[in-house]
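Trainee: Can we go through this one together, question by question? I'd like to see how each answer is reached.

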Amino acid sequence: MNIATADEFLAQYRAISAKLKKRFMRKPNVAEAVEQFNALANNMKLQNSYSYAAFCYLAVARCEAMANCFTAEAEALVQAARNYFGAEVENSRKRSPTFYENCSMAVSCYNAAIKIYCKNDQPALAAFLCLELGKCLQKLNKSVEAIGHYQRAVELQHQNPLDVLTSMDHIATCHIETGDFDSALTVLTEMSYLAKERGGIKHGNISEISGAYKDILARCEVSRVLLLLLLQPTPQRIRPEHANILERYSWESSDESLQVPYLNEDLFLLLQSLVMARQANDIMAVRELQKDLSAILTPEQTHLLHLMITETSNSKYEL
């Protein structure tokens, strides 16, 4: 925004704000001010002046607070937050110097809206905003900061296990993005336990689990196998449940309790071959398996496979 446009914005903003001042025997016209602030915000967005638009939405939120309308206040705060993030993304696109002040303002606005929804017994809406905030931070390569907001979503979603599992999946992704593979493995293991517990397994019969939980279990299983192959924990440090995971893919395994019925046979055989090839440090076999696995794995799992192959190559070179 050029200086002339900035001056014009400030003039309009002050003119609208002046209408909210209390005058003798006359109440301020809050509804009219809200309408004009929204119009000014839309005008600023058309000019890609997102921080100015956010400033207007903050004014709208204050007006709605004066009118004791918590829903509209929260919505205005969310609009302000989204525009502050828009300004941060625009700075990043232009490679402009930044101290992430717009990001800080966005987080404050989101937290204020979340607090309003929690105070008014709207945990689902509060959790939705926690997830949105986490995703915005991830887009700005702030995965470490995003984890706390995803964890808050988990706390707010405690009565909805599938939503909890989705939020936990975001946490695991953040750990992977930051290279904290041990923490990612821990979260995925907790997800697996929760999916089995809430999925309705009876008497250890996993075939009775519902479809959505089966998909989550399958995804957790594959990711945990890849993480274990990447981390290569020593026998002294590996947790018993993680040792059992690798044992499932041993050629000699015949224990029915170690079977993985929520994976299709082709994927199971590919993982079994991958585990054996990695343990043998056979980089050629691992690369051949990569071609078949890449068509099945998620982008995140493909990334883990690539890291594991790189680690295998380095290990072979060191030998």
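Mentor: Sure, starting with a definition: rings of Phe, Tyr and Trp (its six-membered ring) pair if their centres lie within 6.5 Å, and planes under 30 degrees apart count as stacked, over 60 as edge-to-face and the rest as tilted. Keep in mind that this is a predicted model.

Trainee: Which residues form one aromatic cluster?

Mentor: Ring pairs are what we look for here, and the structure holds six aromatic pairs. One of them joins Tyr 13 and Phe 37. The cluster consists of Phe 9, Tyr 13, Phe 37, Tyr 52 and Phe 55.

Trainee: How do the planes of Tyr 13 and Phe 37 sit: stacked, edge-to-face or tilted?

Mentor: The ring centres of Tyr 13 and Phe 37 are 5.3 Å apart. Tyr 13 belongs to helix H1 (residues 3–18) and Phe 37 to helix H2 (residues 30–46), so this pair ties together parts 24 residues apart in sequence. Both Tyr 13 and Phe 37 are buried. With 50° between the planes, the pair is tilted.

Trainee: What is the angle between the planes of Phe 85 and Tyr 110?

Mentor: Phe 85 is in helix H4 and Tyr 110 in helix H5 (residues 101–119), 25 residues apart, and the pair links these distant parts of the chain. Phe 85 and Tyr 110 are both buried. Their ring centres are 6.1 Å apart, and the pair counts as tilted because the planes meet at 45°.

Trainee: Beyond its neighbours within four places in sequence, which residues is Phe 85 in contact with?

Mentor: Phe 85 is among the residues with the most contacts inside the largest nonpolar core. Tyr 110, its ring partner, is one of the residues it touches. The full set is Cys 103, Ala 106, Tyr 110, Leu 133, Cys 136, Leu 137 and Leu 140.

Trainee: Which helix gives the most to the largest nonpolar core?

Mentor: In soluble globular proteins, nonpolar side chains tend to be buried together. Here the largest nonpolar core has 100 residues, and Phe 37, Phe 85, Tyr 249, Leu 263 and Leu 274 have the most contacts inside it. With twelve residues, the helix that gives the most is H10 (residues 211–231).

Trainee: How many disulfides does the structure hold?

Mentor: Take Cys 56: its sulfur is 11 Å from the closest cysteine sulfur, in Cys 63, which is too far for a bond. Cys 220 is in no disulfide either, since the nearest cysteine sulfur, that of Cys 174, is 15 Å away. Cys 56 is buried at 0% relative accessible area, and Cys 220 is buried at 2%. The number of disulfides is zero.

Trainee: What span does helix H3 reach from its first C-alpha to its last?

Mentor: H3 covers residues 50–66, 17 residues in total. At 1.5 Å a residue, the expected span is 24 Å. The model comes close to that, at 25 Å.

Trainee: Which residue just after H3 takes a positive phi?

Mentor: Most residues other than glycine have a negative phi, and most peptide bonds are trans. The residue in question is not a glycine, yet its phi is about 60°. It lies in the loop between H3 and H4 and is exposed at 70% relative accessibility. It is Asn 68.

Trainee: Which residue in the loop between H4 and H5 has a phi near 60°?

Mentor: This one is also a residue other than glycine with a positive phi. At 33% relative accessibility, it counts as partly exposed. It is Tyr 100.

Trainee: How far apart are the closest N and O atoms of Glu 90 and Arg 93?

Mentor: An α-helix has 3.6 residues a turn, so residues three or four places apart point the same way. Glu 90 and Arg 93 are three residues apart in helix H4 (residues 70–94), so about one helical turn separates them. Glu 90 is buried at 13% relative accessibility, whereas Arg 93 is exposed at 58%. They form a salt bridge, with the closest N and O atoms apart by 2.6 Å.

Trainee: Which residue joins Glu 90 and Arg 93 in a network of salt bridges?

Mentor: The structure holds eleven salt bridges. The one between Glu 90 and Arg 93 is part of a network whose other member is Lys 94.

Key. Residues are numbered from 1 along each chain as its sequence is written. This is a predicted model: local features need pLDDT of at least 70, side-chain atom pairs count only at pLDDT 80 or more; totals for chains, interfaces and linings use all residues. Side-chain values use heavy atoms; hydrogens and water are left out. A salt bridge is a side-chain nitrogen of Lys or Arg within 4 Å of a carboxyl oxygen of Asp or Glu. Helices (H or I, at least four residues) and strands (E, at least two) are DSSP runs, numbered from the N terminus. Buried means under 20% relative accessible area, exposed over 50%, partly exposed in between (1.4 Å probe, protein chains only). A disulfide is a pair of cysteine sulfur atoms within 2.5 Å. A nonpolar core is a set of buried Ala, Val, Leu, Ile, Met, Phe, Trp, Tyr and Cys residues joined through side-chain atoms within 4.5 Å. Contact means heavy atoms within 4.5 Å. The expected span of a helix is 1.5 Å times one less than its number of residues.
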